[in-house]
Amino acid sequence: MIGKKMATALNEQMNHEFYNSRLYLAMAAFFHDLNMEGGAHWMELQAQEETGHAMRLYSYLKERGGRIMLEAIQAPPMEWDSPLAAFEAAYQHECSVTKEFDQLVELACAEKDNATLNFLQWFVTEQVEEESTVDAVVQKIKMAHDAPGAIFMIDRMLAQRGQA
Ligand code: FEO
């Protein structure tokens with residue numbers, strides 16, 4: 001059975017991941033408003049992935065006999081200054097999520113909870129990919145220098161994102 005401290009921390013992270021899903025859904029709506037359907041599609045898939053992250057934590061807590069605690073989820077921001085600003089915010093957000101998992105790993109070590117330490121490795125690897133995927137889009141938009149033709153091409157590229 002999982003310890004109380006670890007279960008509380010994993011519950012917090014599960015609630016953060018539900019927030020992350022809403023944040024990306026808000027970004028999807030923002031891109032939809034800009035008629036950038038590729039960007040909206042990319043963000044909708046990301047929102048689904050984040051729900052998957054939350055459910056992974058949910059299932060683990062259930063398996064280890066931890067009490068699942070769902071909290072109120074705060075409203076995400078709905079507006080950004082530009083497509084670049086939205087992806088830059090997403091990148092900064094992913095960096096902060098990486099720190100959250102680093103802290104969970106530290107707690108699992110301190111608690112000598114090897115099962116949770118092992119479970120968290122999936123997220124550690126996932127965060128490397130999450131940061132790198134978002135950063136790649138940021139760099140492409142920066143190279144486009146707001147040229148409408150280039151932004152159109154980037155939107156088409158974003159539309160090609162497939163299910164993970
Ligand atoms: Fe679940 Fe993108 O962090």
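**View 1. Just past helix H1 sits Asn 35, with a positive phi near 60 degrees.** This is a predicted model, where local features need pLDDT of at least 70, side-chain atom pairs count only at pLDDT 80 or more, and totals for chains, interfaces and linings use all residues. Residues are numbered from 1 along each chain as its sequence is written, and side-chain values use heavy atoms, leaving out hydrogens and water. Helices here are DSSP runs (H or I, at least four residues), numbered from the N terminus.

**View 2. Here's H1 from end to end, with 30 residues.** Its end C-alpha atoms are 44 Å apart, which agrees with the expected 44 Å; that expected span is 1.5 Å times one less than the number of residues.

**View 3. Meet the largest nonpolar core, 25 residues in total.** Such a core is a set of buried Ala, Val, Leu, Ile, Met, Phe, Trp, Tyr and Cys residues joined through side-chain atoms within 4.5 Å. Among those with the most contacts inside it are Met 27, Phe 31 and Trp 80. H1, H2, H3, H4 and H5 each chip in at least two residues, and H1 gives the most, with 8.

**View 4. Zoom in on Trp 42 and its contacts (heavy atoms within 4.5 Å).** Not counting residues up to four places away in sequence, Trp 42 touches Phe 87, Thr 133, Val 134, Val 137, Leu 158 and Arg 161.

**View 5. Now for two cysteines, Cys 95 and Cys 109.** Cys 95 is buried, at 17% relative accessible area, while Cys 109 is partly exposed, at 45%. Buried means under 20%, exposed over 50%, and partly exposed in between (1.4 Å probe, protein chains only).
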